[in-house]
Amino acid sequence: MLATRDSLPPPPPFWHRLNSFFAFPLQMRPLAYGLLLSFCSLLFEGVFFLPDAVALILIEIGIMLAASRYGFKIIALGARGIRDSSDFGRESSDEWTYLPWKLFAITLVQAFLIGWLAYYAPILGTVGLFVMSFTYPAAVIVLVQSGSFFQAMNPGHVMDTMRIIGWPYALLCFFLFLLSTGAQVAMALVMPMFDGRILLPIANFAVIYFGWVMASLLGYVMFQHHDAFGFDAVPGSEIDDGRPVDRRTPEQIAAQRIDAEVAQLVTEGDLPAALGLAYEAQRTAASDDLAAQRRYHRVLALMPDKTATMLDQAKRFIPLLMRRDLSSEALKVFKTCKEKDKAFALDDAQMVIAMARAEWRGGDAHATLALLSGFDKRFRGHEAIPQAYELAARALVQGLGRADMAQPILATMEARYPDSEQTQEVRWLLRPAPEAAPQDPAATVQA
């Protein structure tokens, strides 16, 4: 029995994956982006129309804003199970652009409240600071989940988030506290080794690195509880080591769902409903959607009163199969259509040649000749006629051993296309067999 997704255990707790969070900013794309942002701090002298101090402050704000936006992207995509930065390009949302500003506004409001409490009673200010620090990660999660400043400020939503995570929330806060001090520790260790302007990029990179580590951690915690938070794990997301991973694209999942519904209707004998569903799916899909066209053809083939429709659809379906290098399936569809109507033929000369070549590669000389029968009359004046002649001659000579039947083809080619490459090829195929060398009588006597 196949295990269902619901029966699978949840992802492992985040403290089992700490190494992956520290490794995330070192992936090629975030590492390159982080270094680029860090070294932008050296551009302040290029802003000649502003004092150096003002230019540096503005550039630093821009760097932190860009790093924060990417951090929110890490959280949002991590919540859906995407932990490989190379997959980030597939997903985007304008909403993430404004999340840093909303988080800044939340911080200002909370700081104002703490200041007011401290003014009213210092002990209340201390308590307020502890409460804000403890609930801050939950507020960030609510902000990513909803995109709403007001929901992130709502104590009820924040408490619901803490309840969903459960007791590990306290451990999450502890790890985030350690990471928030990590940049300071790193700078204290590294900066004595350097001096001058290079200290600015080093300090920026330390802050960016640990910020993205925290973002990766928060994203994974949300992924652990993605059902409760209302996030769908994207196809191909990592669930757990050794566990089945769904690598299907959303389009493949949708196609397989429709396949199952059509198959169920066919099993129940409701062919009109199956046809309606298959028709609507191919009508709304792209013209080169192979799954939709294949499904529609198969249902049409089951209905005797839809032969004309099936033949018309096959003239589009067969070329699609050939373009996808599915010649075997294309030939099967073609033969099914010929069984329904012996006069069925394709309107594309090059497609007929391609199918004939596929039959010849499969070793069926008779089928090759059947496809090429009357080619020069159906496609009068077409540039592919010499190719058809050459392939027909090859099938007769090499497939059936009937060089005599290929002689008229050569005569026609020499009359119409005397200098073509195909004529030379057929001429070589029909070259006279070398005569046997005369036997030495003396050798015969000695034998």
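Helices here are DSSP runs of H or I at least four residues long, and strands are runs of E at least two residues long. By that count, the protein chain of this predicted model has 22 helices and 0 strands. The chain holds 447 residues, and 39% of them count as buried. Two separate nonpolar cores, two pockets and one cavity are described below.

**Overall build**

- The accessible surface of the protein chain comes to about 25,500 Å². Carbon and sulfur atoms account for 61% of that surface.
- Take the contacts between residues at least 6 apart in sequence: 64% of them join residues at least 24 apart.

**Nonpolar cores**

- The largest nonpolar core has 56 residues. Ile318, Phe344, Leu346, Met355 and Phe375 have the most contacts inside this core.
- Helix H19, residues 385-399, gives the largest share of this core, with 9 residues.
- A second, separate core has 53 residues. Ala67, Leu99, Val140 and Val142 are among them.
- Phe375 belongs to the largest core. Beyond its neighbours within four places in sequence, Phe375 touches Ala349, Val352 and Ile353, and also Ala384, Ile385 and Ala388.

**Largest pocket**

- The volume of the largest pocket is about 1,200 Å³.
- Its lining has 34 residues. Leu103, Tyr136, Val140, Gly211 and Met214 are the closest to the pocket centre.
- Val140 is also part of the second core.
- Five elements give two or more residues to this lining: helices H3 (52-78), H4 (95-120), H5 (122-146), H8 (168-190) and H9 (199-224).
- By class, the lining has 28 nonpolar and 6 polar residues. No charged residue lines this pocket.

**Second largest pocket**

- The second largest pocket has a volume of about 360 Å³.
- Of its 15 lining residues, Gln110, Leu113, Val131, Met132 and Thr135 are the closest to the centre.
- H4, H5, helix H6 (149-153) and helix H7 (155-165) each supply at least two lining residues. H5 gives the largest share, 5 residues.
- The lining divides into 11 nonpolar and 4 polar residues, with no charged residue.
- H4 and H5 appear in the lining of the largest pocket and in that of the second largest.

**Cavity**

- A search of the whole structure finds 1 cavity of 30 Å³ or more. The volume of the largest cavity is about 50 Å³.
- Its lining consists of Phe24, Ile74, Gly78, Ile82, Arg83, Ser216, Gly219 and Tyr220.
- H3 and H9 each supply at least two of these residues. The largest share, 3 residues, comes from H9.
- By class, the cavity lining has 4 nonpolar, 3 polar and 1 charged residues.
- H3 and H9 also contribute to the lining of the largest pocket.

**A backbone detail**

- Asp325 has a phi near 60°, a positive value in a residue other than glycine.
- Asp325 lies in the loop between helix H14 (307-323) and helix H15 (327-340).
- Is Asp325 buried or exposed? Its relative accessibility is 69%, and the cut-off for exposed is over 50%, so Asp325 counts as exposed.

Methods: Residues are numbered from 1 along each chain as its sequence is written. This is a predicted model: local features need pLDDT of at least 70, side-chain atom pairs count only at pLDDT 80 or more; totals for chains, interfaces and linings use all residues. Side-chain values use heavy atoms; hydrogens and water are left out. A nonpolar core is a set of buried Ala, Val, Leu, Ile, Met, Phe, Trp, Tyr and Cys residues joined through side-chain atoms within 4.5 Å. Buried means under 20% relative accessible area, exposed over 50%, partly exposed in between (1.4 Å probe, protein chains only). Contact means heavy atoms within 4.5 Å. Accessible areas come from the Shrake-Rupley method with a 1.4 Å probe; for residues, only the protein chains shown count as cover. On a 1 Å grid over the protein atoms alone, a cavity is a set of points where a 1.4 Å probe fits but cannot get out, and a pocket is an open set with protein on both sides within 12 Å along at least five of seven lines; lining residues have an atom within 4 Å of a point. Grid points are joined across faces, edges and corners, and a volume is the space filled by probe spheres set on the points. Ala, Val, Leu, Ile, Met, Phe, Trp, Tyr, Cys and Pro count as nonpolar, Asp, Glu, Lys and Arg as charged, and the others, Gly among them, as polar.
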